[in-house]
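This briefing is meant to be read beside the sequence and the structure, one topic at a time. Please keep both in view as you go through the points.

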Amino acid sequence: SPRRPGAAAGAERSGAERGGSSPPPPAHPRPPPAGTLPPASPPSPPPRPAAARAPAPRRPEAALPTIYAITPTYSRPVQKAELTRLANTFRQVARLHWILVEDAAARSELVSRFVAGAGLPCTHLHVPTPRRYKRPGLPRATEQRNAGLPGVLFFADDDNTYSLELFQEMRTTRKVSVWPVGLVGGRRYERPVVENGKVVGWYTGWRADRPFAIDMAGFAVSLQVILSHPKAVFKRRGSQPGMQESDFLKQITTVEELEPKANNCTKVLVWHTRTEKVNLANEPKYHLDTVSIEV
Ligand SMILES: *[C@@H]1O[C@H](CO)[C@@H](O)[C@H](O)[C@H]1NC(C)=O
């Protein structure tokens with residue numbers, strides 16, 4: 001799947017609320033018109049912890065830093081199935097804001113409908129590939145809206161499987177946190193090697209000499225670090241395959257600074273599962289079904 005988006009071409013938010021008897025999550029700004037850049041500042045005051053809103057009872061989750069999970073995604077037969085699996089996980093995570101970035105010239109109907117029904121706070125962006133690497137950075141408008149809020153940024157590719165415990169771990173990220181990733185690099189797992197609570201190396205099947213020999217799913221970054229390194233981006237050009245993570249992380253941190261999570265990097269809480277390539281060999285060219293069904 002595509003990795004890092006550039007500046008976003010459009011944004012849409014869905015503030016669909018979790019069910020149950022608990023109070024609703026903080027309100028989110030209304031969506032801007034389709035195809036426009038999101039405003040630099042929110043039209044309404046940014047979400048505040050529930051404690052600041054008068055009669056609302058204080059919720060334990062109000063004090064939690066928000067996790068911003070960035071998921072690049074692109075149209076393919078398994079897309080909706082992958083996004084559904086991710087949403088089923090993310091919906092169970094308190095104060096998680098999903099940033100879905102479509103690799104497309106416009107937001108697709110499939111993903112738009114999906115976002116509308118996903119039942120979790122979601123920002124839907126799109127960035128076509130050819131221009132992506134010419135533009136700086138992340139969908140910054142989103143982060144700048146939330147600049148005053150503590151938060152953690154995490155790159156959640158749609159072909160991985162995430163345990164809920166992973167989000168508990170990354171929530172306490174102060175600068176940059178790291179953890180093992182399962183089923184990656186031609187091994188059962190890769191992990192940062194930790195001694196005395198510090199990362200000292202990498203257990204990896206491939207190029208252990210990389211400055212940060214870690215998968216995209218193996219780290220999270222605090223928003224403050226992102227905002228204080230506004231020029232830090234994933235480089236398309238000049239980044240060798242598999243070097244994106246290193247090229248990004250070395251712009252914002254050092255190995256000595258890394259915060260090991262998941263029991264000093266001894267637990268696998270995320271898996272690079274991927275999805276079997278689907279067999280569409282019998283998909284008809286003629287005599288199509290009489291109804292058009294989104295898959
Ligand atoms: C990680 O290792 C450090 C140093 O050995 C230790 O103090 C700390 O308690 C460990 N953390 C966990 C979660 O096991």
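**Backbone exceptions, a helix and an annotated site**

His287 counts as exposed, because only 12 or fewer neighbours are allowed for that class and His287 has 6 C-beta neighbours inside 10 Å. The model is a predicted one, and the values below were computed from it.

**Residues with a positive phi**

- Most residues other than glycine have a negative phi.
- His287, which is not a glycine, nevertheless has a positive phi of about 50°, and its place is in the segment after strand S13 (270-271).
- Arg207 is also not a glycine and has a positive phi of about 45°; its place is in the loop between strand S10 (198-203) and strand S11 (219-222).
- Arg207 counts as partly exposed, because it has 13 C-beta neighbours inside 10 Å.

**The protein as a whole**

- The secondary structure of the protein comes to eight helices and 13 strands.
- Of the 295 residues in the protein, 39% are buried.
- Among the contacts with a separation of 6 or more, 75% are between residues that lie 24 or more positions apart.

**Helix H1**

- Helix H1 covers residues 79-90, and its 12 residues should span 16 Å at 1.5 Å a residue, which agrees with the 16 Å between its end C-alpha atoms.
- The buried residues in H1 are Gln79, Glu82, Leu83, Leu86, Ala87 and Phe90.
- Seen down the axis of H1, these buried residues fall within an arc of 130°, and therefore they line one face of the helix.
- The exposed residues Thr84 and Asn88 are carried on the face of H1 that is turned away from its buried side.
- The cover over the buried residues of H1 includes strand S2 (66-73), strand S3 (96-102) and helix H2 (109-116).

**The annotated residue Glu245**

- According to an unreviewed UniProt entry, the annotation "active site" covers Glu245.
- Glu245 has its place in helix H7 (residues 244-252), and this residue is buried because 23 other C-beta atoms lie within 10 Å.
- When residues up to four places away in sequence are not counted, Glu245 touches Phe212, Ile214, Asp215 and Met216.

**Around the ligand**

- The ligand is surrounded by Asn196, Gly197, Asn263 and Asn264.
- The shell around the ligand divides into four polar residues, no nonpolar residues and no charged residues.

Terms used
Residues numbered from 1 in each chain as written. Predicted model: local features only at pLDDT ≥ 70, side-chain atom pairs only at ≥ 80, totals over all residues. UniProt positions renumbered as here; feature names shortened; annotations may be inferred. Helix = DSSP H or I, 4+ residues; strand = E, 2+ residues; numbered from the N terminus. Buried ≥ 20, exposed ≤ 12 C-beta atoms within 10 Å, placed from the backbone. Contact = placed C-beta atoms within 7 Å. Near = placed C-beta within 6 Å. Nonpolar A, V, L, I, M, F, W, Y, C, P; charged D, E, K, R; others polar. Expected span 1.5 Å × (residues − 1). Arc of directions from axis to C-beta.
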